[in-house]
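Work through the exercises below with the model in view, trying each task before you read its solution.

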Amino acid sequence: MGVFVGWKYCPRCSAELQGDTASKKCPSCGSAYYAHSAPAVSALVVEDGRVLLARRAFEPDAGLWDTPGGFLEEGEEPQEGLRRELKEETGFEIEPGRFLGTYLDTYGEGPTVASVLNLVYEAAVVSGEMHAADDVSELRWFAADELPADDEYAFRWLAPFMHGWADKRP
Ligand SMILES: [Zn+2]
């Protein structure tokens, strides 16, 4: 993975770093750095049998369909991050529901590709007007039998995940 691609000097004191692709250590100030997957949250919002998907406005995977959500901020509780991201991207106030699982994926391409750990929750719309914003260009409700084609989904975890959702429909 690519967190440390291009890292040569300590960001705290500018001394030359030691280490490998998994961790770096600064012999001058003692700082240690570890490569982690970036935690992100995603929402499965279902209403009247239809699921809310968001078309990505920016790279990576611009133009493709994604579940609404995004990266957690430092120290942020996952469900708070889910509320914040959904408000930013959809205009909806949501209530997080059942935790559906973790989905490891990648973000971007090339040597600096990032590893992302997605935390996926069910979520219900509580209030607000639907309005695509932030890094979303369009929002749409999809019934189980009219979901996007596999190659119209962003990232890799989504197509199998959405097939799993559609297959469980009554
Ligand atoms: Zn240092």
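**Exercise 1.** Into what numbers of nonpolar, polar and charged residues does the lining of the largest pocket divide?

The lining of the largest pocket comprises 10 nonpolar, 6 polar and 8 charged residues, where Ala, Val, Leu, Ile, Met, Phe, Trp, Tyr, Cys and Pro count as nonpolar, Asp, Glu, Lys and Arg as charged, and the others, Gly among them, as polar. This is a predicted model, in which local features need pLDDT of at least 70 and side-chain atom pairs pLDDT 80 or more, while totals for chains, interfaces and linings use all residues. Residues are numbered from 1 along each chain as its sequence is written, and side-chain values use heavy atoms, without hydrogens and water.

**Exercise 2.** State the volume of the largest pocket and locate its lining.

The volume is about 300 Å³. Of the 24 lining residues, Arg 56, Asp 66, Gly 69, Gly 70 and Phe 155 are the closest to the centre of this pocket. Two or more lining residues come from each of strands E4 (38-47), E5 (50-56), E7 (69-71), E8 (93-107) and E9 (114-127), and also from helix H1 (78-90). On a 1 Å grid over the protein atoms alone, a pocket is an open set of points where a 1.4 Å probe fits, with protein on both sides within 12 Å along at least five of seven lines, and a lining residue has an atom within 4 Å of a point.

**Exercise 3.** Describe the second largest pocket in the same way.

This pocket holds about 240 Å³ of space. It is lined by 13 residues, of which Leu 44, Leu 100, Glu 122, Trp 165 and Lys 168 lie closest to its centre. The elements that give two or more residues to this lining are E4, E8, E9 and helix H2 (158-167). By class, there are 8 nonpolar, 1 polar and 4 charged residues.

**Exercise 4.** Identify the donors of the zinc ion, and explain why their arrangement is tetrahedral.

The SG atoms of Cys 10, Cys 13, Cys 26 and Cys 29 coordinate the zinc ion at 2.3 Å, a donor being an N, O or S atom within 2.8 Å of the metal (3.2 Å for Na, K and Ca). In sequence, the spacing of these donor residues is C-x2-C-x12-C-x2-C. The arrangement is tetrahedral because the 4 donor atoms subtend angles of 99 to 114°, and four donors qualify if all angles lie between 85 and 135 degrees.

**Exercise 5.** Which of the terms buried and partly exposed applies to Cys 26, and which to Cys 29?

Cys 26 is buried because its relative accessibility is 1%, whereas Cys 29, at 37%, counts as partly exposed; buried means under 20% relative accessible area, exposed over 50%, and partly exposed in between, with a 1.4 Å probe and protein chains only. Cys 10 is likewise buried, at 3%, and Cys 13 is partly exposed, at 32%.

Conventions: Four donors count as tetrahedral if all angles lie between 85 and 135 degrees; four count as square planar and six as octahedral if opposite donors are over 155 degrees apart and all others between 65 and 115; anything else is irregular. Grid points are joined across faces, edges and corners, and a volume is the space filled by probe spheres set on the points. Helices (H or I, at least four residues) and strands (E, at least two) are DSSP runs, numbered from the N terminus.
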